[in-house]
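Please find below a colleague's note, prepared for discussion at the bench. It is set out as numbered points.

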Amino acid sequence: MTTKKIAVLFSGSGTNLENLFVKIHNKTFNGVRIEIALTLCNKDDAAGIEKSQKYGVEPLIIKHKEYPQREEFDKRVVEIIRAHEIDLCVLAGFMRILTPYFTKNVKAINIHPSLLPLFKGADAIRQSYEASAKKAGASVHFVNEELDGGEVILQKSFTRTKDMSYEEYEANIHKIEYEILPQAVVDVVANDRR
Ligand code: GRF
């Protein structure tokens with residue numbers, strides 16, 4: 001049986017990371033076993049750190065603040081990803097803009113909480129809520145040099161009701177994220193989605 005190694009990069013609460021541990025870590029899909037072989041965080045106080053530890057993977061903390069140049073940080077991250085022989089890098093709430101050095105050297109996918117190409121960048125949930133978009137959702141896309149601009153792999157939406165609170169709206173988006181991110185990882189590493 002083949003094993004495919006993934007890395008998960010995160011910056012915050014790590015709920016998508018935990019969901020990946022639950023749904024795909026050390027499980028086999030289409031004859032391919034998926035292993036979360038590396039977790040990496042750019043902040044030493046992120047809540048996701050404990051989540052990773054809970055599943056037996058000690059995250060590597062690489063503080064971006066210690067790298068004055070954005071590209072120097074990316075070079076270090078790429079070096080680590082290579083050293084772990086990672087097949088696919090998953091950005092799950094990794095709040096860093098990546099330079100072409102990263103995007104050219106690493107195959108990566110990202111989860112974004114909007115129906116791309118709408119509402120790229122930070123604070124997408126708030127932006128779409130305030131724009132009163134009738135449909136909302138989340139997208140998983142390949143990472144390229146354009147922020148939130150790579151080809152969409154999976155996207156799912158829901159229809160917003162008139163009286164939907166922000167909290168309910170946000171919860172619906174996260175629920176979709178927890179469905180489509182594991183599915184997209186499986187599609188790319190086990191079903192050969194390119
Ligand atoms: C998610 O909404 C993701 O789409 C966005 O950041 C959030 C990360 O949440 N990029 P978590 O750290 O996985 O809980």
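The points that follow treat the overall chain, the ligand site and two backbone features.

1. Basis of the note. The coordinates come from a predicted model, and the remarks below should be read in that light.

2. Overall fold. The chain contains 6 helices and 8 strands. Read from the N terminus, these elements follow the order β-α-β-β-α-β-α-β-α-β-α-β-β-α.

3. Dimensions. Along the principal axes, the C-alpha atoms fill a box of roughly 50 × 45 × 30 Å. The radius of gyration of the chain is 16 Å, which agrees with the value near 16 Å that a compact globule of 194 residues would have.

4. Location of the ligand. The ligand occupies the space of the largest pocket. Three elements each supply at least two residues of the surrounding shell: helix H1 (15-23), strand E6 (108-112) and helix H6 (166-189).

5. Composition of the shell. Around the ligand are Gly12, Ser13, Gly14, Thr15 and Asn16, together with Gly93, Ile111, His112, Pro113, His174 and Glu177. Sorted by class, this shell has 8 polar, 2 nonpolar and 1 charged residues.

6. Polar contacts of the ligand. Which protein atoms lie 2.8 Å, 2.5 Å and 2.3 Å from oxygen atoms of the ligand? At 2.8 Å from a ligand oxygen there is a polar backbone atom of Gly14. In Thr15, an N or O atom of the side chain is 2.5 Å from an oxygen atom of the ligand. For Glu177, a polar side-chain atom is found 2.3 Å from an oxygen atom of the ligand. The protein buries 85% of the 360 Å² that the ligand exposes when taken alone.

7. A cis peptide bond. The bond from Leu116 to Pro117 is cis, and its omega is near 15°. Pro117 is placed in the loop between E6 and helix H5 (124-130). Strand E6, on one side of this loop, is also among the elements that supply at least two residues of the ligand shell.

8. A positive phi angle. Asp148, a residue other than glycine, has a positive phi near 55°. Its place is in the loop between strand E7 (135-142) and strand E8 (152-159).

Notes
Residues are numbered from 1 along each chain as its sequence is written. This is a predicted model: local features need pLDDT of at least 70, side-chain atom pairs count only at pLDDT 80 or more; totals for chains, interfaces and linings use all residues. Side-chain values use heavy atoms; hydrogens and water are left out. A residue is near a molecule or strand if one of its heavy atoms lies within 4 Å of it. A polar contact is a pair of N or O atoms within 3.5 Å; within protein, one must be able to donate a hydrogen and the other to accept it, and residues adjacent in sequence count only if both atoms are side-chain atoms. Accessible areas come from the Shrake-Rupley method with a 1.4 Å probe; for residues, only the protein chains shown count as cover. On a 1 Å grid over the protein atoms alone, a cavity is a set of points where a 1.4 Å probe fits but cannot get out, and a pocket is an open set with protein on both sides within 12 Å along at least five of seven lines; lining residues have an atom within 4 Å of a point. A molecule sits in a cavity or pocket if more than half of its atoms lie within 2 Å of its grid points. Helices (H or I, at least four residues) and strands (E, at least two) are DSSP runs, numbered from the N terminus. Ala, Val, Leu, Ile, Met, Phe, Trp, Tyr, Cys and Pro count as nonpolar, Asp, Glu, Lys and Arg as charged, and the others, Gly among them, as polar. The radius of gyration is taken over C-alpha atoms; the globule rule is 2.2 Å times the number of residues to the power 0.38.
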